[in-house]
Amino acid sequence: MENIRRVTSKMKYAIMGSGGTGGCIGGYLANTGCDVTMIARGKHLKAIKEKGLTLETSEKGTFNLKIKACGAEEYKDKADVIFVCVKYYSVDEAVEFIKKASHKYTVVIPILNVFGTGAYIQEKVGALTVTDGCVYIYSFIKEYGVIAKPSDIFKVYFGLREGQDKKALPILERVKEDLAKSGIEPYLSHNIKKDTFRKFTYISPVASAGLYCNATAGDFIKEGEARTILIALTEELLALGKAMGIEYREDMVQTNLDIIAGLKPDADTSMQRDIAKGNKSEIEGLLHQIVRWGKEYNVPMPTYEMVSYKYKKLKKGGGCL
């Protein structure tokens with residue numbers, strides 16, 4: 001009965017990670033009255049506590065929220081829904097937070113760039129329901145306490161993997177309702193493996209080609225080396241997906257090029273920005289892991305191998321060449 005009560009009452013959301021993605025998901029939900037706590041750290045957390053969270057958006061304008069925020073170690077409540085919006089290299093930290101911030105009916109929704117993260121978290125947290133998920137958004141921390149979202153696109157996909165217990169579906173339906181009311185376009189997927197890999201066929205090639213060619217969206221929409229490498233990476237990843245049992249009817253190369261065409265010409269990826277600054281990056285999950293999968297599934301990945309070889313010293317946890 002407890003899980004039914006939680007679905008019919010106001011649910012408590014914890015957003016693990018308050019960068020471009022988590023900041024927008026948490027901010028949009030809080031802006032429509034949802035009970036949201038942002039989990040952040042450092043100067044970003046300090047700014048949110050002192051001045052609130054400011055979102056500069058293309059469709060809603062700029063607004064400021066006096067939103068609950070704390071560090072992972074400070075959180076003392078039990079969340080009904082935990083959105084995990086951290087970078088790939090911080091997943092293990094998120095697992096520790098989930099263990100202390102959940103009750104037996106808590107649902108965890110990972111929104112990460114790296115394919116397969118939900119299953120990894122599920123193995124670590126046991127009986128809790130951990131979905132898979134992904135987001136289509138262009139957003140970033142503009143300054144501490146300020147998130148910029150210069151593009152209208154904001155779609156969140158989430159759902160149970162094949163074989164998972166469907167007991168969490170009522171909560172997931174409620175999450176879908178809350179997201180829709182907040183202005184986010186939600187999709188409760190019946191084939192989340194296919195939907196998350198679809199996003200992966202976009203973010204991995206764009207991040208890898210952008211890194212290799214020092215390219216932005218404007219470079220991908222015109223003929224040249226960056227576009228050629230992007231297309232080759234996408235085609236190799238689609239071949240890998242086919243070997244994994246994932247296929248698409250539509251032309252995913254053109255679909256992804258159309259998405260890029262809707263971005264500002266100077267749009268890049270967080271992996272590019274992180275590596276340029278010498279910070280930790282998601283290169284392990286977005287680039288090097290694909291080469292290993294290619295060998296595992298016996299799928300030729302010559303372009304991925306070329307890019308991976310150039311950056312082979314940049315493993316999970318980042319660092320500079």
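**General notes.** Helices here are DSSP runs (H or I, at least four residues), as are strands (E, at least two), numbered from the N terminus. The model is predicted: local features need pLDDT of at least 70 and side-chain atom pairs pLDDT 80 or more, while totals for chains, interfaces and linings use all residues. Residues are numbered from 1 along each chain as its sequence is written, and side-chain values use heavy atoms, leaving out hydrogens and water.

**View 1. An open sheet of 4 strands, in the order 4-3-11-10.** The pairing in this sheet is mixed (two strands pair if DSSP finds at least two bridges between them). Which strands stand at the edges? They are strand 4 (61-65) and strand 10 (140-143). Each of these two has a single partner strand, so one side of each is left without a neighbour in the sheet. From one strand to the next, the twist averages 25° (axes are lines fitted to C-alpha atoms, for helices over the stretch in contact; angles run from 0 to 180 degrees between N-to-C directions).

**View 2. Strand 3 beside strand 11.** Let's zoom in on one pair from that sheet. Strand 3 covers residues 53-57 and strand 11 covers residues 146-149. The two pair in the parallel sense, over 4 bridges. To find your place along the pair, look for Leu55, whose bridge partner in strand 11 is Ile147.

**View 3. Helix 2 lying across the sheet strands.** Helix 2 spans residues 20-31. Which strands does helix 2 lie across? Strand 3, strand 4, strand 10 and strand 11 make up the list (contact means heavy atoms within 4.5 Å). Relative to strand 3, helix 2 runs at about 100°.

**View 4. An open sheet of 3 strands, in the order 9-12-13.** Here, too, you will find mixed pairing. Strand 9 (132-137) and strand 13 (185-188) are the edge strands, each pairing on one side only. Neighbouring strands of the sheet are turned by 10° against each other on average, direction ignored. Strand 12 (residues 154-159) pairs with strand 13 in the parallel sense, over 4 bridges. A handy pair to pick out is Val156, standing opposite Pro186 of strand 13.

**View 5. Helix 7 and its neighbours, strand 9, strand 12 and helix 9.** Helix 7 (residues 192-213) lies across strand 9 and strand 12, at about 35° to strand 9. With helix 9, the axis of helix 7 comes within 9 Å, and the two cross at roughly 145°. From helix 7 the contact draws on residues including Phe197, Phe200, Val206 and Tyr212. Among those of helix 9 are Ile229, Leu230, Leu233 and Leu238.

**View 6. Helix 9 meeting helix 13.** Helix 9 (residues 225-243) also has a crossing with helix 13 (residues 302-310). How do their axes cross? They come within 8 Å, at roughly 115°. On the helix 9 side you will see Ile229, Ala232, Leu233, Glu236 and Leu237. Facing them in the contact, helix 13 offers Pro302, Thr303, Tyr304 and Met306.

**View 7. Cys34, Cys85 and Cys134.** How many disulfides are counted? The count is 0 (a disulfide is a pair of cysteine sulfur atoms within 2.5 Å). Why is Cys34 without a bond? Its closest cysteine sulfur, in Cys85, lies 14 Å from the sulfur of Cys34, too far for a bond. For Cys134, the closest cysteine sulfur is again in Cys85, and at 12 Å this is too far for a bond as well.
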